[in-house]
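Hi,

Here is the structure I promised to pass on. Have a look at it first, and then read on for what turned up.

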Amino acid sequence: MKQISFADLLGQETKRDPVAFAAHLREQGPLLPLMAPFGFGTGAWMTTTYEDAVAVLKDPRFVKDTLKFGQAEHEQTSSDEREDIFKRFLAFRRDMLTVDPPDHTRLRGLVSRAFTPRMIEQLRPRIQQIADELLEAVQRSGRMDLIADFAFPLPITVISEMLGIPVEDRLQFRAWSQTIIANSVGSQPQEALAALEAFVQYIKAFLVAKRAHPADDLTSALVEAEEGGDRLHENELISTIFLLIVAGHETTVNLIGNGMLALLLHPGQMELLRQNSSLLPSAIEELLRYTAPVTLSTPRWASEDIVMHGQVIRKGEMVFVSLVAADIDQHQFTDPQVLDITRRENQHLAFGKGIHYCLGAPLARLEGQIAISTLLQRLPNLRLACEPEQLMWNPSPILRGLTSLPVNF
Ligand code: HEM
């Protein structure tokens, strides 16, 4: 069986046509050996079916906490500089996405109330206002970069406002998080670490200011939980803010960008949606499935030897779930390679599954709906301003997003 490498997952061709790439992966088998990233001495695996994706994401034997488990073993296996940097990165992360119950339950519980569909629905007028203002700024020029002018500023403004972070700093976050994403598996991991350290320093200074001047925002509520006793440690607080900022904007930008590109390339579907706003919820679900804003899960580690498809996944080995491959599994979806915004049976895994199911899903759905419906209604002549082959994709094995999307209207 050919070993898949991370380089295979981040190539431009892979990004351009994820459905074709996922079909190619699925042809090779349900469980593929993956060259462990960052020079890790351990083995790594990737699942490609819907059934296995659900099984792994719901199986408590696949754990996330590398401090509790696994890291000591990794430490003995390699002195690779990139591995060292990745370990320092993992050691910094103490948020819900990198721990297991009971810590996971506690950390997720502290912020989950702010993300319920009911709480998120209250943000609707403000999100609509942001979308309108962004389009008003470009409307007269007749063209824009749909990523830089719209898909990026919308979610970063929303999450910054929820956290009470000065919106002027958003370009700086974007630069740091892009450096972290691009270089942590690339050739210059020290740049990723430097960006992470700068980001952490920024969050620390921001927390000092929040402690001095608490406000009605999510950060102040978290600071209160930390000061109130043993519910939240300081590194957990910093890591949680980091997670919310990164997850809050690096993903939804891709739903809006990839989603609009898919509609531009399927004008019949775009017109159908423009004429029928009642299709908006099912269209967003289909764009989540078909355009894979997040293509791969974050890693899990086997806490014991686990047999899958006759193959032993050894204790301490990493497992990734290909969400994009699961979401085109013909055993789960009818005509999975077809974009159909009227699709009814659509239990896609774009937001994951199990206890780490995306906390921000209600927010991402609302932002996606408002963004795409506002673009379609306000810009009836929207069209691509370049050949699709000229579009470039960000180099990340986990996220699928365009560097820019030039359009005319
Ligand atoms: C977790 C996808 C938007 C916050 C996840 C996971 C996926 C995902 C696949 C699970 C990863 C895993 O199990 O390895 C997406 C997509 C989004 C999106 C496709 C947009 C289209 C957001 C937004 C937020 C957010 C707007 C808001 C802050 C989180 C958090 C987790 C998470 C906090 C960790 C949950 C936990 O560990 O319990 N997301 N996400 N996401 N997402 Fe999202």
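Before the sheets, a definition: two strands count as paired if DSSP finds at least two bridges between them. Strands (E, at least two residues) and helices (H or I, at least four) are DSSP runs, numbered from the N terminus. Bear in mind that this is a predicted model: local features need pLDDT of at least 70, side-chain atom pairs count only at pLDDT 80 or more, and totals for chains, interfaces and linings use all residues. Residue numbers start from 1 along each chain as its sequence is written.

**Sheets**

One open sheet has three strands in the order β4-β10-β9, with antiparallel pairing. β4 (143–145) and β9 (383–384) are its edges, each with a single partner strand, so one side of each has no neighbour in the sheet. Between β4 and β10 (residues 406–408) there are three bridges in the antiparallel sense, and M144 sits opposite V407 in β10.

Then there is β8 (residues 318–321), where M318 and F320 point one way and V319 and V321 the other. That fits the general pattern: in a regular strand, side chains alternate between the two faces of the sheet. All four of these β8 residues are buried, meaning that 20 or more other C-beta atoms, placed from the backbone, lie within 10 Å of the residue's own (12 or fewer would be exposed, anything in between partly exposed). β8 pairs with β2 (residues 44–47) in the parallel sense over four bridges, with F320 as the bridge partner of M46. It also pairs with β5 (residues 300–302), this time antiparallel over two bridges, and there M318 is the bridge partner of W301.

**Ligand shell**

Which residues come nearest the ligand? Out of 25 around it (C-beta, placed from the backbone, within 6 Å), they are T251, G352, C358, G360 and A364. The shell splits into 16 nonpolar residues, eight polar and one charged; nonpolar here is Ala, Val, Leu, Ile, Met, Phe, Trp, Tyr, Cys and Pro, charged is Asp, Glu, Lys and Arg, and the others, Gly among them, are polar. α15 (234–250), α16 (252–265) and α20 (361–378) each supply at least two shell residues, with α15 giving the largest share, four.

**Core**

The largest nonpolar core (buried Ala, Val, Leu, Ile, Met, Phe, Trp, Tyr and Cys joined through C-beta atoms within 7 Å) has 107 residues, and A151, L154 and L323 touch the most other members. Its largest share, eight residues, comes from α20.

Cheers
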